[in-house]
Amino acid sequence: MAGKIKVGVLGATGMVGQRYIKLLEDHPWFEVTYVAASPRSAGQPYKDAVKNRWLIGANIPAAVQDLIVEDANIADKAIGKCQFVFSALELPKKEDIKNLEEAYAQKGIPVVSNASANRWTEDVPMLVPEINYEHLNVIADQKKHHGWDKGFIAVKPNCSLQTYMMPIHALIQAGYEIKRMVVTTLQATSGAGYPGVPSFDMIDNIVPFIGGEEEKTEKECLKILGKVVDGKIENAPGPIVSSTCTRVPVIDGHTACVSLEFGEKKPSMEEIEKIWTSYTSVPQELKLPSAPEHPIVVRHEENRPQPRRDRETEKGMACVIGRLRPCNVFDIKFVALSHNTKRGAALGGILNAELLKAKGYFDNL
Ligand code: NAP
């Protein structure tokens with residue numbers, strides 16, 4: 001279709017990159033015209049580069065099969081071939097990803113990233129569009145600071161946070177302070193990329209440690225809930241979070257068991273459910289193509305949510321909540337679930353790009 005924005009996918013051969021390729025197959029606004037990965041894959045047609053490791057359904061989208069994979073380390077290669085890029089790169093050093101994302105922005109190519117390298121850069125928005133769409137306002141200062149004309153960087157938070165941040169935000173927005181939170185995550189194997197955790201560690205087993213994940217869980221929520229002050233994002237003062245992150249033998253879908261302590265004002269169970277089920281925000285108002293109609297879905301069965309049954313709710317973009325009940329230590333507890341490579345990664349990244357387009361950030365590309 002004429003008029004679509006041409007996009008590139010960096011890390012197109014990986015777990016998240018493949019999701020992007022599949023999810024963008026029929027996108028109404030974006031078309032994939034550029035794919036890049038490591039020097040190992042560079043120079044090959046995409047279909048050969050992912051031969052024997054294509055994981056997303058039966059067929060590779062026809063429009064991408066014969067695109068030649070470029071070396072993602074050379075930003076110049078993307079010039080003229082795409083107007084912005086999704087970054088789904090995994091490099092040994094975070095600093096290398098940060099430098100590379102900046103190199104693309106420097107060349108006038110905006111970067112919508114899944115990587116963690118720029119999450120703590122204070123003028124880079126870490127977006128969950130339903131929660132902190134106003135953080136887009138720092139992009140003007142980011143561009144000024146670097147002297148960038150068209151390029152900029154916007155990132156997504158860690159995948160497991162998307163499992164429970166919208167219900168938390170909904171409660172705060174309704175006037176209920178959350179003082180403390182204890183969360184235990186049960187994270188899917190696809191969250192570790194491909195081939196990820198060895199099968200001997202994953203079958204018949206649970207691994208009670210994911211490097212760096214608890215630190216991300218405990219810190220990133222404060223930036224997500226923060227506000228823009230003088231061209232930078234200032235962290236929210238709370239809640240205080242204590243987390244335990246585990247890897248479980250599930251392919252897709254992160255689960256989180258969450259306990260919350262409110263401030264002085266405490267909502268009833270009925271109010272909480274009403275706040276969650278009526279929660280909508282800017283992506284829904286703007287009718288962005290990947291926005292779920294119902295971002296939070298509450299289930300009442302005693303044994304839900306479950307990854308296999310519930311991860312595709314709202315095309316993989318909902319936070320599905322169940323088992324809301326009183327907590328003997330804090331005030332309430334519940335179980336939440338979201339699709340880690342859709343809401344938590346590629347489709348969440350696409351929603352970020354849709355918000356950027358709808359708000360005019362791609363107008364001058
Ligand atoms: P992955 O499956 O390991 O894929 C990594 C990608 O990076 C591949 O395309 C790989 O290309 C490329 N790459 C590796 N080394 C490179 C190099 N030296 N130079 C250029 N490209 C290189 O990882 P993933 O799970 O898709 O994760 C991608 C990013 O998304 C990571 O930053 C991760 O933290 C983030 N993320 C992942 C999830 C998830 O659920 N999986 C969720 C949220 C965020 P080759 O195939 O050529 O090696």
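1. Let us start with two strands that lie side by side. Strand β11 (residues 254-262) and β14 run antiparallel and are joined by 7 bridges. To find this pairing on screen, look for L260, which stands opposite I332 in β14. Please keep in mind as you look around that this is a predicted model.

2. Strand β14 has another partner as well: β13 (residues 319-326) pairs with β14 in the antiparallel sense, over 5 bridges. Here V320 is the residue to look for, since V320 stands opposite L337 in β14. The link from β13 to β14 is a hairpin of 5 residues.

3. Why is β14 described as largely enclosed by the rest of the structure? The reason lies in its residues: β14 covers residues 332-338, and 6 of these 7 are buried, so the strand is largely enclosed by what surrounds it. A residue counts as buried when its relative accessible area is under 20%.

4. Now turn to a sheet with parallel pairing. This open sheet has 6 strands, in the order β3-β2-β1-β4-β5-β6. At its edges are β3 (70-71) and β6 (153-155), each of which pairs on one side only. A helix also packs on this sheet: α4 (residues 94-106) touches β1, β4, β5 (111-113) and β6, and the direction of α4 makes about 150° with that of β5.

5. Within that sheet, one pairing is easy to follow by eye. Strand β1 (residues 5-10) and strand β4 (residues 84-87) are parallel partners, with 4 bridges between them. L10 is a handy marker, as its bridge partner in β4 is S87. As general background, the strands of a sheet pair through backbone hydrogen bonds, in either a parallel or an antiparallel way.

6. Stepping back to the whole protein chain, you can count 13 helices and 14 strands. Its radius of gyration is 20 Å, close to the 21 Å that the globule rule gives for 365 residues, so the chain is as compact as a globular protein of that length. The C-alpha atoms fill a box of roughly 60 × 50 × 35 Å along the principal axes.

7. What share of the 365 residues in the protein chain do buried residues make up? The figure is 55%. Among contacts with a separation of 6 or more, 76% come from residues 24 or more positions apart. As for the outside, the protein chain exposes about 16,000 Å², and carbon and sulfur atoms supply 49% of that area.

8. A residue worth a visit is L355, which sits in helix α13 (residues 342-358). L355 has a relative accessible area of 0%, so it is buried. Leaving aside neighbours within four places in sequence, L355 is in contact with P129, Y133, L136, V282, L286 and L288. You can also compare L355 with A291: the two are 64 residues apart in sequence, and their C-alpha atoms are 9.6 Å apart in space.

9. Finally, is S190 buried or exposed? S190 lies in the loop between β7 (178-187) and α8 (199-202), and with a relative accessible area of 7% S190 is buried. Beyond its neighbours within four places in sequence, S190 is in contact with M15, V250, I251, D252, N340 and T341.

Notes:
Residues are numbered from 1 along each chain as its sequence is written. This is a predicted model: local features need pLDDT of at least 70, side-chain atom pairs count only at pLDDT 80 or more; totals for chains, interfaces and linings use all residues. Side-chain values use heavy atoms; hydrogens and water are left out. Buried means under 20% relative accessible area, exposed over 50%, partly exposed in between (1.4 Å probe, protein chains only). Helices (H or I, at least four residues) and strands (E, at least two) are DSSP runs, numbered from the N terminus. Two strands pair if DSSP finds at least two bridges between them. Contact means heavy atoms within 4.5 Å. Axes are lines fitted to C-alpha atoms, for helices over the stretch in contact, and angles run from 0 to 180 degrees between N-to-C directions. The radius of gyration is taken over C-alpha atoms; the globule rule is 2.2 Å times the number of residues to the power 0.38. Accessible areas come from the Shrake-Rupley method with a 1.4 Å probe; for residues, only the protein chains shown count as cover.
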